[in-house]
Amino acid sequence: MSIRRRASLAVTAAVATVAALTSCSAHAPSSTSAGSDSGKKQFVVGYSQSNNAEPYRAQLNAQLEYFVKKYPDLKLLPITDAHQDSATQVSQVQNFVQQKVDVLILSPNEPAPLTAAVQQACTAHIPVIVLDRTVNTDCYTSFIGGDNYKIGKLAGEAAVQALPHGGNVAELQGALSAQPQIDRDKGFRDAIAGHHINITHHQEAKWLKANATTITQRWLSQDKKIDLIYGENDDMALGAVLAARGAGRADGIKFVGIDGLAIPTGGIRAVQLGQMYTTFIYPTGAQQAAETAEAIAHGKTVAKKQTLKTTRITKDNAAAVYKQYDMSGKIG
C-alpha cells in the first residue's frame with residue numbers, strides 16, 4: 001500500500017472517531033469521577049428553585065433530594081433559592097453553567113427573565129429540565145409539570161358546584177407574571193362564566209400565606225359579601241382561612257385551593273378537617289425530575305413534555321389520598 005493511501009486512510013479514521021465522540025456528547029453529558037478508590041462515575045445535577053418560602057417548593061426540594069439518592073451516580077449540588085427574585089435566579093443558573101453541571105433543573109421564577117439563562121445552558125450543551133414553570137424557549141431537554149389551565153378550570157367547576165345559585169368570589173393570585181398564575185386564573189374564569197358568579201375582589205399575593213392573610217383581612221373589613229375565596233395555591237387559601245376566622249366569617253365562606261400537599265399543614269388535611277371546601281393535587285414532579293436526570297445522564301431519549309395528572313380532594317377521599325402521597329417517613 002502506498003504512503004499516500006495509508007495517510008488518506010488514517011485521516012478518514014480520525015475524522016470518523018471525532019464524529020462518533022461528538023455524537024455521543026450530544027446525547028449524554030460528560031461524567032466526573034466519584035472517587036479515585038471506587039472508580040465509579042457521578043453526574044452532577046444543579047437545581048435552581050424559585051422560592052423556598054412556599055411550602056410546595058420546600059416539599060419539592062425535600063422530595064428531589066430523596067429521589068436523587070435513588071441513583072448513586074447522580075450528585076445533587078446544594079439547591080439554590082432565588083427568593084422570588086429573577087435576577088438572583090439568573091445569576092444562580094449562570095453559576096451552574098460556569099460549573100459545567102451535567103444536568104440543570106430549573107423552576108423559573110418568571111419565564112421571560114430566565115429564558116436567556118436557559119439559552120446559555122443550551123449553548124453550553126448542558127441538558128435542562130424545566131420543572132413546573134415554563135420559559136420562552138424550546139431549547140431545553142424536558143418540561144415536567146401539571147396542566148395549570150385544566151386545574152384552574154377544575155377549581156372553577158368546583159366553585160360552580162359550591163355556588164349553584166351564583167355568588168361573589170374573591171381570588172388570591174400568585175405572582176402575576178408566572179405562567180401557572182396566568183393559566184390558573186384563565187381556567188377558573190372560563191369555568192365560572194355564565195353561572196352568575198362574580199369575581200368581586202382579586203389581588204396578587206405572590207403565593208404566600210402571610211400576604212393572603214393581610215389582603216383577605218382588608219377585604220373582609222370592607223364588610224362586603226364574599227361567598228367563596230379561590231386561592232391559586234393552598235398556602236394563599238389557608239391564609240384566607242386564617243383571616244376569615246379572625247373576622248368570625250369562616251363559616252359563611254367556602255375556600256378552594258390548589259397544591260394538595262400531604263403534610264400536616266397542607267391542603268389535603270385542611271379539606272379533611274373541613275377548613276377548606278376542596279383542593280387539587282399539583283404533583284411536585286420531583287420523582288419524574290430525578291428519573292429524567294438519570295436517563296439524560298446515560299444518553300437516553302426523554303419526552304420533551306411530561307404532563308402530570310391531578311386529583312380533586314374532597315372529604316370523602318382526603319384520608320386515602322393523604323396516605324398515598326405522604327412521604328413523612330421518608331423525608332422527615
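## Pocket, cavity and loops

Colleague: Let's start with the second largest pocket: how many residues of its lining are nonpolar, how many polar and how many charged?

Modeller: Happy to, bearing in mind that this is a predicted model. The pocket in question is lined by 22 residues. Sorted by class, that lining comes to 10 nonpolar, eight polar and four charged residues.

Colleague: Which residues of that lining lie nearest the centre of the second largest pocket?

Modeller: The space itself has a volume of about 390 Å³. Helices α2 (55-68), α10 (286-297) and α11 (318-325) each give at least two residues to its lining. The lining residues nearest the centre are Gln 63, Pro 283, Thr 284, Gln 287 and Tyr 325.

Colleague: Now for enclosed space: how much of it lies in the largest cavity?

Modeller: Rolling a probe the size of a water molecule over the atoms shows where empty space is left. The structure holds one cavity of 30 Å³ or more. The space in the largest cavity is about 80 Å³.

Colleague: Which helices each supply at least two residues of the lining of that largest cavity?

Modeller: Its lining includes Glu 54, Tyr 56, Arg 57, Pro 180, Arg 184 and Trp 207. By class, the lining residues of the largest cavity are four nonpolar, one polar and six charged. The helices that each supply at least two of them are α2 and α6 (179-192).

Colleague: Staying with α6, is Gln 179 buried, partly exposed or exposed?

Modeller: Gln 179 belongs to helix α6. Its C-alpha is 8.9 Å from that of Val 135, with their positions 44 residues apart along the chain. The relative accessibility of Gln 179 is 26%, so its class is partly exposed.

Colleague: Turning to α4 (residues 111-123), which of its residues are buried?

Modeller: Helix α4 has 13 residues and runs 18 Å from its first C-alpha to its last, close to the 18 Å expected at 1.5 Å a residue. What covers its buried residues includes α3 (86-99), β5 (103-106) and β6 (128-131). Those buried residues are Pro 111, Leu 114, Thr 115, Ala 117, Val 118 and Ala 121.

Colleague: Which residue just after α4 takes a positive phi?

Modeller: The spot to look at follows the end of α4, which spans residues 111-123. The phi there is about 60°, and the residue is His 125.

Colleague: On either side of α3 there are loops worth a look, so let me ask about Gln 84: what is its phi?

Modeller: Gln 84 sits in the loop between β4 (80-81) and α3. With a relative accessible area of 22%, Gln 84 is partly exposed. Although Gln 84 is not a glycine, its phi is positive, at about 60°.

Colleague: And Lys 100: what relative accessible area does it have?

Modeller: Lys 100 is placed in the loop between α3 and β5. Phi of Lys 100 is positive too, near 60°, in a residue other than glycine. Lys 100 counts as exposed because its relative accessible area is 67%.

Colleague: Which residues does Asn 317 contact, leaving aside its neighbours within four places in sequence?

Modeller: Asn 317 is in the loop between β14 (312-313) and α11, and at 21% relative accessible area it is partly exposed. Its C-alpha lies 9.6 Å from that of Val 271, 46 residues away along the chain. With the close sequence neighbours set aside, the contacts of Asn 317 are Thr 311 and Arg 312.

Colleague: Let's take Ala 262 as well: is it buried or exposed, and which residues does it contact beyond four places in sequence?

Modeller: Ala 262 lies in the loop between β11 (254-256) and α9 (267-272). The cut-off for buried is under 20%, and Ala 262, at 8% relative accessible area, is buried. Its C-alpha is 7.6 Å from that of Lys 323, 61 residues apart in sequence. Beyond four places in sequence, Ala 262 contacts Ile 268, Tyr 322, Tyr 325 and Asp 326.

Colleague: To finish with the whole chain, what percentage of its residues count as buried?

Modeller: The protein chain has 12 helices and 14 strands. It exposes about 15,500 Å², with carbon and sulfur atoms supplying 52% of that area. Of its 332 residues, the share that counts as buried is 49%.

Methods. Residues are numbered from 1 along each chain as its sequence is written. This is a predicted model: local features need pLDDT of at least 70, side-chain atom pairs count only at pLDDT 80 or more; totals for chains, interfaces and linings use all residues. Side-chain values use heavy atoms; hydrogens and water are left out. On a 1 Å grid over the protein atoms alone, a cavity is a set of points where a 1.4 Å probe fits but cannot get out, and a pocket is an open set with protein on both sides within 12 Å along at least five of seven lines; lining residues have an atom within 4 Å of a point. Grid points are joined across faces, edges and corners, and a volume is the space filled by probe spheres set on the points. Helices (H or I, at least four residues) and strands (E, at least two) are DSSP runs, numbered from the N terminus. Ala, Val, Leu, Ile, Met, Phe, Trp, Tyr, Cys and Pro count as nonpolar, Asp, Glu, Lys and Arg as charged, and the others, Gly among them, as polar. The expected span of a helix is 1.5 Å times one less than its number of residues. Buried means under 20% relative accessible area, exposed over 50%, partly exposed in between (1.4 Å probe, protein chains only). Contact means heavy atoms within 4.5 Å. Accessible areas come from the Shrake-Rupley method with a 1.4 Å probe; for residues, only the protein chains shown count as cover.
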